[in-house]
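Reader: I am new to this structure. Please take me through one part of it closely, and set that part in its surroundings.

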Amino acid sequence: MEQQVNPAIDHKWQELLADQFSAPYFVELKRFLLEEKSKFIIYPAGKNIFNAFNLTPADRVKAVLLGQDPYHGAGQAHGLCFSVPHGIKPPPSLVNIYKELNDDLGFSLPQHGNLEKWAKQGVLLLNATLTVRAGQAGSHQKRGWETFTDAAISSLSRNYSGIVFLLWGRYAKAKESIIDSRKHYILKAAHPSPFSAYNGFFGCRHFSRTNELLSSQGKDPVDWAL
């Protein structure tokens, strides 16, 4: 008998990814998460796992920013890559994102790390893996999430056009193979981590370039100011 998992996810995404929710890997992923939750603290909270999808419905996606793994520290992860809730200190990679934002567009450095404003304007802030065990980076990798988030990227590539994909770092750049570059725009740079930001992230000007590409299509630019 076919099993169907019904996550609390925006209806447009629900339509696009319907076949994923009944796939054996997704049913197994849910079983794995229930087992993990019975033994460990898992981030983000269940209500926030699909936050990126719910704040940025598929038919409103203008740009996609790809991360790898949720933050694994207490209170940090809330379902948006690179973002942390109000009241949580911005992590080092986000601090570097803000530095580039300042250099590119002249905006003052934000005093918080919450990127929900971007998400609500159509910037899909998507991690490849949507959950993690507290204090253990990468602990939920290769359990099925990557298959699901790859399917989300592929569905955007197939069903829409003119989306700007921001691929920062080696892991994100590997996703280029599932994006149709004839229909979409791909901007690549080093990861904003302190270990690599000076190797091609600083100076990439991806914020202004994204808006130029959106404006050239008659789409509203993103207000990146926070």
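The close look below starts from one tyrosine and the loop after it.

Reader: Which strand does Tyr43 lie in, and which residues does it touch? Please show me the rest of the chain around that spot too.

Author: This is a predicted model. Start with the whole chain. It has nine helices and six strands. Its radius of gyration is 17 Å, close to the 17 Å that the globule rule gives for 226 residues, so the chain is as compact as a globular protein of that length. Along its principal axes, the C-alpha trace spans about 55 × 35 × 25 Å.

Now the inside and the outside. Of the 226 residues, 55% count as buried. The accessible surface comes to about 10,600 Å². Carbon and sulfur atoms hold 51% of that surface. The chain carries 25 positive and 20 negative charges, and the mean positions of the two sets are 3 Å apart.

Contacts reach far along the sequence. Take those between residues at least 6 apart in sequence: 66% of them join residues at least 24 apart. Tyr43 lets you see such contacts up close.

Tyr43 lies in strand S1, which covers residues 42-43. Is it buried or exposed? Its relative accessible area is 16%, and the cut-off for buried is under 20%, so Tyr43 counts as buried. Look at what it touches, leaving aside residues up to four places away in sequence. One group is Tyr71, His72, Gly73, Ala74 and Ala77. The other is Leu130, Thr131, Val132 and Ala134. Gly79 is 36 residues from Tyr43 along the chain, and their C-alpha atoms are separated by 8.7 Å.

Step to the next residue. A cis peptide bond joins Tyr43 and Pro44, with omega at about -10°. Pro44 already belongs to the loop between S1 and helix H4, residues 51-55.

Gly46 is found in that loop between S1 and H4 as well. With a relative accessible area of 49%, Gly46 is partly exposed. Thr131 appears again here. Gly46 and Thr131 are 85 residues apart in sequence, yet 9.1 Å apart in space, C-alpha to C-alpha. Thr131 is also one of the residues that Tyr43 touches.

Two other loops hold a backbone feature to look for. Lys142 lies between strand S4 (132-133) and helix H7 (145-159). Its phi is positive, about 60°, although Lys142 is not a glycine. At 75% relative accessibility, Lys142 counts as exposed. Arg205 sits in the loop between strand S6 (185-189) and H9. Its phi is near 55°, again a positive value in a residue other than glycine. Arg205 is partly exposed, at a relative accessible area of 40%.

Finish with a helix. H5 runs over residues 92-105 and has 14 residues. From first C-alpha to last it reaches 20 Å, close to the 20 Å expected at 1.5 Å a residue. Its buried residues are Ser93, Leu94, Asn96, Ile97, Tyr98, Glu100, Leu101 and Asp104. What covers them? The cover includes helix H6 (116-120), strand S5 (164-168) and helix H9 (206-216). After H5 comes Gly106, with a positive phi near 80°.

Go back to Tyr43 with all this in view. Tyr43 is buried. The peptide bond between Tyr43 and Pro44 is cis. Pro44 lies in the loop that leads from S1 to H4.

Notes
Residues numbered from 1 in each chain as written. Predicted model: local features only at pLDDT ≥ 70, side-chain atom pairs only at ≥ 80, totals over all residues. Heavy atoms only, no water. Helix = DSSP H or I, 4+ residues; strand = E, 2+ residues; numbered from the N terminus. Rg over C-alpha atoms; globule rule 2.2 N^0.38 Å. Buried < 20%, exposed > 50% of the residue type's maximum accessible area, 1.4 Å probe, protein only. Contact = heavy atoms within 4.5 Å. Areas by Shrake-Rupley, 256 points an atom, 1.4 Å probe, with all protein chains shown as cover. Lys, Arg positive; Asp, Glu negative; His and termini not counted. Charge placed at Lys NZ, Arg CZ, Asp CG, Glu CD. Expected span 1.5 Å × (residues − 1).
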